[in-house]
Each structure stands twice: as structure tokens, then as C-alpha cells.
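Hi,

Here is the structure I promised to pass on. Have a look at it first, and my notes follow below.

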Amino acid sequence: MLEHDSRIALGVSGGKDSLSLLHILKDLEAERPEAELIVVSIDEGIRGYRDEALRLTEEATDRWGVEWVSIGFRELFGLTMDEIAAMERRLSTCSYCGVLRRRALNEAAKNVEADRLATGHTLDDMAQSAMLNLLRGDINRMALFDPGGRGLQGFVRRIKPLCEVPERESALYAYINNIDFQSIPCPYSEESMRSEVRRYLNRAEVMHPGTKHIVYRTALKIAPEANTDRIRGLCKICGEPSTGTICRVCRLISDLEDGV
Ligand code: SF4
Ligand code: ZN
């Protein structure tokens with residue numbers, strides 16, 4: 001996933017997983033003088049939730065001496081998540097947030113000229129994503145299921161170093177190392193299909209230990225067999241790589257503006 005001289009943008013949300021990964025990577029970086037680590041955070045504009053997470057991230061980066069940059073949905077897309085949530089829309093809040101957040105993280109990583117974009121996705125997140133891809137019939141995402149990331153044109157290579165670490169172990173790591181993290185959930189999280197899948201997988205893991213690993217491993221085996229839409233060119237509106245003439249981000253924003 002990493003080279004000895006990687007310039008890593010680490011997406012930190014302020015939760016236990018990303019702050020635990022920051023704690024691990026800053027120690028690794030200290031042992032490798034050619035490597036660089038910059039923390040990037042996305043402010044989606046969720047009042048009473050993201051502000052606390054950003055404060056915890058700022059405190060952690062100050063304490064550990066790591067550069068930190070933050071970028072907001074408002075400056076990138078002209079809207080906050082609270083505003084999107086209050087608008088007429090056809091998808092769940094998290095569907096907009098997920099797409100915009102991926103774009104924002106890529107932008108932030110490009111801005112700091114990183115060659116890796118690391119995120120704190122754990123085994124639990126990976127198994128949830130695998131199930132969601134299947135339930136939504138999203139062959140594209142199934143094909144791109146790869147914790148080591150790919151060098152796709154226009155995208156900073158995404159890596160998920162905690163992909164095989166259960167969430168409970170990441171929480172334990174945070175407690176053992178006295179890491180102060182945000183524990184309140186996002187006010188919109190219950191709207192998402194991911195919450196249902198999370199509950200299901202947690203129950204299945206209790207009844208059938210190893211389920212999350214099996215789902216994750218199976219998704220890794222399926223990925224090379226699935227076909228993905230090729231990036232065909234640049235979006236006519238924002239100029240970012242896109243499989244069609246207009247990218248998904250611009251389609252979502254324009255639908256919101258049209259009240260669709
Ligand atoms: Fe965004 Fe949904 Fe996550 Fe909240 S729970 S931060 S709305 S994706
Ligand atoms: Zn676009």
C-alpha cells in the first residue's frame with residue numbers, strides 16, 4: 001500500500017478509526033524520514049456533529065505535530081449537508097454525502113500533492129460496503145473493491161490500511177492509547193441503508209463468528225471478475241474524470257438545484 005517515500009494524505013473524521021490510524025501512521029512516518037503525512041478533514045456542514053469532530057482532529061494533530069488541512073462542502077459545492085438534508089430530494093442524505101465526500105477527499109489529497117489517500121475504513125466498513133454493493137447491484141463498485149487502491153487517472157490512490165482490523169480492535173487501540181475521539185453518531189446516519197447492513201452484520205457475527213471476514217474475502221475474489229465502466233473523459237461541468245459527459249457529483253448538485 002505504501003512506499004518508503006509516500007506522501008500520504010490521511011482522511012481524518014475525528015472518529016476512533018481514523019484517529020487510531022493517525023496515531024499509527026505518525027509513528028511509522030517518524031521512522032521513515034522520506035515519508036510525509038498530512039491530515040485532511042472534510043467539513044460537510046453538519047451542525048453539532050462535524051464541528052466537534054473537527055475540534056478533536058485539530059487537537060490531535062496539534063498534540064502530535066502533524067500538518068492538518070480542512071476543506072468544506074460549502075466552498076467546494078456551494079451547499080452544506082444540513083442544507084441538502086432540508087431540500088426536496090430523491091435520495092437519502094447519506095447518498096449525497098457519500099458521493100460529495102469522496103470528491104472532497106480526492107480534491108483535498110490533490111491540493112496537498114499526496115500520492116496516497118489513506119482512510120480509516122475497518123473490516124466492518126469493508127464488509128458493509130461489500131454487502132451494499134451487492135444489494136444495490138453496483139457492479140462498478142464491486143470491481144473497484146480493492147483496499148490497496150488503484151492508480152486511476154485523476155484520482156489519488158486510495159488505501160485502507162485498517163481493512164482487516166475489526167472495528168472493536170480499533171476502538172480498543174484508541175482506548176489503550178488515550179485517544180479522545182468523537183462517539184456521538186451523525187444525526188443522519190439512521191437514514192442510510194448502511195445502518196441496516198451494519199446491524200445485520202453485527203448480529204450475524206455474533207451468531208456466526210467470522211462472517212465479516214468471509215464477506216470481505218468474497219468481495220476481494222469477485223472484484224477482478226466484475227466489469228467496471230471506464231472513465232471516458234472529463235465532466236463538461238467541473239472538468240473532473242467521469243464515465244459519462246456529466247459526472248455524478250454535478251448530476252446530484254444539478255438535481256438538487258432543480259428540486260428533483
Ligand atoms: Fe454523511 Fe451519512 Fe456519514 Fe452523516 S452518516 S457523515 S450524512 S455519510
Ligand atoms: Zn462534474
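**The second largest pocket**

Thirteen residues, given as 13 in the output, line the second largest pocket, and those nearest its centre are Asp124, Arg168, Asn202, Glu205 and Lys212. Bear in mind that this is a predicted model. The space in this second largest pocket comes to about 280 Å³. Sorted by class, its lining has six charged, four polar and three nonpolar residues.

Where does the lining of the second largest pocket come from? At least two residues each are supplied by α6 (123-136), α8 (167-176), α9 and α10. Of these, α9 gives the most to the lining, with four residues.

**How α9 and α10 pack**

Two of those helices also pack on each other: α9 covers residues 193-207 and α10 covers residues 211-222. Their axes lie 8 Å apart, at an angle of about 120°. That angle is why α9 counts as oblique to α10.

Which residues meet there? On the α9 side they are Leu201, Asn202, Ala204 and Glu205, and on the α10 side Thr211, Lys212 and Val215. By class, this contact has three nonpolar, two polar and two charged residues. If you are clicking through the model, Asn202, Glu205 and Lys212 are worth picking out: they take part in the contact of α9 with α10, and they are also among the residues nearest the centre of the second largest pocket.

**Around ligand 1**

Next, the ligand. The residues around ligand 1 are Cys94, Cys97, Cys186, Tyr188 and Ser189. Is this shell charged or nonpolar? By class it has four nonpolar residues, one polar and no charged ones.

**The cavity**

Last, the enclosed space. How many cavities of 30 Å³ or more are there? The count comes to one, and the space in the largest cavity is about 30 Å³. Its lining is made up of Leu56, Glu59, Ala60, Arg63, Trp64, Ile179 and Asp180. By class, four residues of that lining are nonpolar and three are charged, with no polar ones.

Cheers

Notes. Residues numbered from 1 in each chain as written. Chains lettered and ligands numbered in written order. Predicted model: local features only at pLDDT ≥ 70, side-chain atom pairs only at ≥ 80, totals over all residues. Heavy atoms only, no water. Axes fitted to C-alpha atoms, helices over the stretch in contact; angles between N-to-C directions. Parallel < 35°, antiparallel > 145°, perpendicular 65-115°, else oblique. Contact = heavy atoms within 4.5 Å. Nonpolar A, V, L, I, M, F, W, Y, C, P; charged D, E, K, R; others polar. 1 Å grid on protein atoms, 1.4 Å probe; cavity = no way out; pocket = protein on both sides within 12 Å on 5 of 7 lines; lining within 4 Å. Points joined across faces, edges and corners; volume = space filled by probe spheres on them. Near = heavy atom within 4 Å.
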